[in-house]
Amino acid sequence: MSAVTQPEVRLLGRSEAVRTILADIDCAARSGAKVLITGETGVGKEVVARLIHERSARSASRLVTVNCAGLPDSLLESELFGHVRGSFTGAYRDKPGLLEMAPNGTVFLDEVGEMSTRMQVVLLRFLETGEIQRIGADRSHTRVNVRLITATNRDLPKEIAAGNFREDLFFRLNVIRMHIPPLRERIEDVPTLFEHYLGFYCDQHRVERPQVAQGTWDALMTYRWPGNIRELRNVAERIALKSTGPVLRPTDLPSELMRGSDRTAVTSADAGAAAPQQSSQVDELTARMLRHGESFWATVYPLFMSRDLTRNDLRRVIEIGLEQTNGNYRLVVALFNMPNEDYKRFLGFLRKHNCHLPFQRFRTVTGKSHGGTRPVAVAG
Ligand SMILES: Nc1ncnc2c1ncn2[C@@H]1O[C@H](COP(=O)(O)OP(=O)(O)OP(=O)(O)O)[C@@H](O)[C@H]1O
Ligand SMILES: [Mg+2]
């Protein structure tokens, strides 16, 4: 069906690590114990949680996912446990929490490492008693039978040592531990994953699937993939959107993948190449903006103004932004977490420092770039 936008949940890969994870998923699915999934961003923690649920005896009931990051305490507590009418402004009626809405099912608490200390106490109390106390209620409302799966990209023992995470909560959550290694440590999974997502997005965007040239495989296999499989998936989609012709050459890859393999291919007369020793700084800065939601003004701008970032590095950052947005400066503003009103200021700044790159060479041939390019998807 052409309306399908998400591939089905699958854990692809032929590495030993993936085989072990698949076996661990089956094992975890057979038991009802809590699971703590750890690993860097984009490695597949949510995929694993979903597979455990789907393969477990609870699969006939719901899997409810709650992201603990970015929600203020009161909202997170209300999401999880519900509230009673009048417990806070805007609480017009009693509302059940998500824990109640998955009876005999699974609750996946994503980014549990981001929970405030107060919410950690609330969660701990629930884990000890199984009782749900809605916000504003003076006693427990009901008990629920849910299985808890949690995930985090933080190093929880380190967070415990730093006083940010409760050790007793960690012990409760850490019954079955599954650690998913980053893609760079199981690089043999890249061909399977890339073929899969390239085929998927070429079908979705109705373009011919290109043959992947050997040099392109070399670049894909030497890249470090800091955003892991999510990044690989985004790269595959960008390539499908660009519809580069029957053969996918190394020069068709986004330039961050090309660094170190064919540097000249990614430079333009205007942009110049980033100095090799600086590339990690550019990587770090773009990761902070694309993955952690930090603003250009707080990351790149001060470093450039204090001359800790060279003009070539700034151009590299802009180049990456233009590649992600098919050459659309307005989308770069959003991608780099600036408000729309900053568009003029941003362009003025780039022009002043001679870093305003011509956008034309970043435009796709197909002309359907905008529907498919979602800067936020990159931020994950
Ligand atoms: N082994 C895999 N096979 C196929 N697709 C995968 C695999 N691992 C991850 N993906 C895909 O990569 C993307 C990121 O995966 P997921 O959301 O599970 O990562 P995550 O570890 O939860 O990341 P984050 O910490 O940023 O939330 C998803 O689109 C997912 O479908
Ligand atoms: Mg996740």
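**Helix 3, its salt bridges and other local features of a predicted model**

Just after helix 3, Gly82 adopts a positive phi of about 85°. The structure described here is a predicted model. Helix 3 spans residues 73-81. Its buried residues are Leu76, Glu77, Ser78, Leu80 and Phe81. These buried residues pack against several elements. Among them are strand 2 (63-67), strand 3 (82-83) and strand 4 (95-96). Strand 5 (106-110), helix 4 and strand 6 (131-132) are also packing partners of the buried residues of helix 3.

Helix 3 is also joined to helix 4 through charged side chains. Side chains of opposite charge can pair when their charged atoms come close. Arg118 and Glu77 form a salt bridge through their side chains, with an N to O distance of 2.6 Å. Arg118 belongs to helix 4 (residues 117-129) and Glu77 to helix 3, so the salt bridge ties together parts that lie 41 residues apart in sequence. The two partners differ in their exposure to solvent probe. Glu77 has a relative accessibility of 12% and therefore counts as buried. Arg118, at 42%, counts as partly exposed. The pairing extends to a third residue: Asp73, Glu77 and Arg118 are linked in a network of salt bridges.

The structure holds 18 salt bridges. Another of them joins Arg154 to Glu159, with the closest N and O atoms 3.4 Å apart. Arg154 is partly exposed, because its relative accessibility is 32%. Glu159 is buried, because its relative accessibility is 15%. A further salt bridge connects the side chains of Glu319 and Arg316, at 2.9 Å from N to O. Both residues lie in helix 14 (residues 311-324). They are 3 residues apart, about one turn of the helix. Glu319 and Arg316 are both buried.

Arg154 also takes part in the surroundings of Glu114. Glu114 sits in the loop between strand 5 and helix 4. Its relative accessibility is 30%, so Glu114 counts as partly exposed. Leaving aside residues up to four places away in sequence, Glu114 touches Cys68, Ala69, Asn153 and Arg154. Glu114 and Asn164 are separated by 50 residues in sequence. In space, their C-alpha atoms are 9.1 Å apart.

Helix packing was examined for helices 7 and 8. Two packed helices are described by the angle between their axes and the distance between the axes. Helix 7 (residues 190-204) packs with helix 8 (residues 214-222) at an angle of about 115°. Their axes are 10 Å apart. The crossing of helix 7 past helix 8 is right-handed. On the helix 7 side, the contact involves Val190, Pro191, Phe194 and Glu195. On the helix 8 side, it involves Trp217, Leu220 and Met221. By class, this contact has 6 nonpolar residues, 1 charged residue and no polar residues.

Backbone geometry was considered next. Most residues other than glycine have a negative phi, and most peptide bonds are trans. Arg206 is not a glycine, yet has a positive phi of about 55°. Arg206 is placed in the loop between helix 7 and strand 10 (211-212). At 66% relative accessibility, Arg206 counts as exposed. Asn337, also not a glycine, has a positive phi of about 60°. Asn337 lies in the loop between helix 15 (329-335) and helix 16 (343-352). Its relative accessibility is 28%, so Asn337 counts as partly exposed.

Confidence varies along the chain. The mean pLDDT of the protein is 85. Of its residues, 88% reach 70 or more. Confidence is highest in strand 1 (residues 35-38), at a mean of 98. Confidence is lowest in helix 18 (residues 375-379), at a mean of 29. Over residues 260-278 the pLDDT is below 50. Beyond near neighbours in sequence, that stretch has 29 contacts in the model. Residues 365-380 also have pLDDT under 50. For residues 365-380, the model has 32 contacts beyond four places in sequence. Where pLDDT is low, the predicted coordinates should not be read in detail.

Terms used:
Residues numbered from 1 in each chain as written. Chains lettered and ligands numbered in written order. Predicted model: local features only at pLDDT ≥ 70, side-chain atom pairs only at ≥ 80, totals over all residues. Heavy atoms only, no water. Axes fitted to C-alpha atoms, helices over the stretch in contact; angles between N-to-C directions. Helix = DSSP H or I, 4+ residues; strand = E, 2+ residues; numbered from the N terminus. Left-handed = near helix turned anticlockwise from the far one by under 90°. Contact = heavy atoms within 4.5 Å. Nonpolar A, V, L, I, M, F, W, Y, C, P; charged D, E, K, R; others polar. Salt bridge = Lys/Arg side-chain N within 4 Å of Asp/Glu carboxyl O. Buried < 20%, exposed > 50% of the residue type's maximum accessible area, 1.4 Å probe, protein only. pLDDT = per-residue confidence, 0-100.
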